[in-house]
Amino acid sequence: MAASPPQIVAAADRDSSRVRDVAVVVPDRPISATSEVGRIAAAPGGSLLGALLIMGEENDRRRQLINAAQKRAEANAAPVRDALTSIDLGSLAMTTTEQALAETSWLTPGTIRRLDKGTDEAIASFAADASSDQIALIRYRYELSPDCSQIRIIADVQLMPASNSAAPLYEASVAAITELQMRTFEPSENGVRWGDEGGWRARYAVEDGFRRLAVLIPRLLHLSESDLARYRRKSEPKAFGAGFNGTLIVRSDDQLLIWADGLVSIGRVPATAP
């Protein structure tokens, strides 16, 4: 198995005189909820034939559970999708990228181009047309948590040689998560809550998530080896939020920032519309 790309930009690559073209991948489908399906335990004992029959039944049952969970997740996400129809994700992603790179001291962007598809072929085509020997790729994603209480905006950041876009020199992620103030254990109720009162909560979560990413992406790109070593030390203070457990970086009235194999920022929707 190939080793994962480093989560720290090498010192040799932190050269502001080197211009890099930048590709921005924007979500090309409506927001959806991630679904969770419980593990089905295998029955112990019995013959090989019996075991194969059980495995076949379990696989069929698991497929049924997955399909049912996906249908429920889609129904729960419907009010959120409706609330976000007026959001221009492409504009948010491009503005966020431009602001973030302006605050990254060593990364001098050349052409910044939006890619509507984030396929390997589209990225390879961008790399082939690039005027720089390295390219940067920022892939934005958004999703609802399984219980629909969170909207997550995620940026996956990569550096790669233009001659081989399948071999990243650097890869790291940052997430801006916004939680509902008044959430329940029922995903469908949380989905409705996002869409209540004209859907301002859902729009706030997406817009504020991108605003936070504009600040967090430079922080991610400026991380040093000593920063990463500290975040990985077991002796460092820990914090838990939005289902993530990680090393505490910042705790304030409006944000919790932790390291959980990437930067994770957790905030909440305000009580009233801003």
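Student: What makes strand β5 and strand β9 count as a pair?
Tutor: Two strands pair if DSSP finds at least two bridges between them, and β5 (residues 170-179) and β9 (residues 263-268) have six bridges in the parallel sense, so they satisfy that rule. Within this region, Ala175 stands opposite Val264 in β9. This is a predicted model, where local features need pLDDT of at least 70 and side-chain atom pairs count only at pLDDT 80 or more, while totals for chains, interfaces and linings use all residues. Residues are numbered from 1 along each chain as its sequence is written, and side-chain values use heavy atoms, with hydrogens and water left out.

Student: How many helices and strands does the protein chain have, and what makes a run count as one?
Tutor: The chain has six helices and nine strands, each a DSSP run numbered from the N terminus, with helices being H or I over at least four residues and strands E over at least two.

Student: Why are β2 and β6 said to stand at the edges?
Tutor: The nine strands follow the order β2-β1-β3-β4-β5-β9-β8-β7-β6 in an open sheet with mixed pairing. Because β2 (108-115) and β6 (238-241) each have a single partner strand, one side of each is left without a neighbour in the sheet.

Student: How do you know that helix α5 packs on the sheet?
Tutor: Contact means heavy atoms within 4.5 Å, and α5 (residues 200-221) touches β3, β4, β5, β7 (244-251), β8 (256-259) and β9. The direction of α5 makes about 145° with that of β5, where axes are lines fitted to C-alpha atoms, for helices over the stretch in contact, and angles run from 0 to 180 degrees between N-to-C directions.

Student: What makes a group of residues a nonpolar core, and which members touch the most others in the largest one?
Tutor: Such a core is a set of buried (under 20% relative accessible area with a 1.4 Å probe, protein chains only) Ala, Val, Leu, Ile, Met, Phe, Trp, Tyr and Cys residues joined through side-chain atoms within 4.5 Å. In the largest core, of 56 residues, those touching the most other members are Tyr140, Leu144, Ile151, Trp194 and Leu220, and α5 gives the most to this core, with eleven residues. Apart from it lies another core of eleven residues, among them Ala23, Phe126, Ala127 and Ile135.

Student: How much of the protein chain is buried?
Tutor: Buried residues make up 43% of the 274 residues in the chain.

Methods. Buried means under 20% relative accessible area, exposed over 50%, partly exposed in between (1.4 Å probe, protein chains only).
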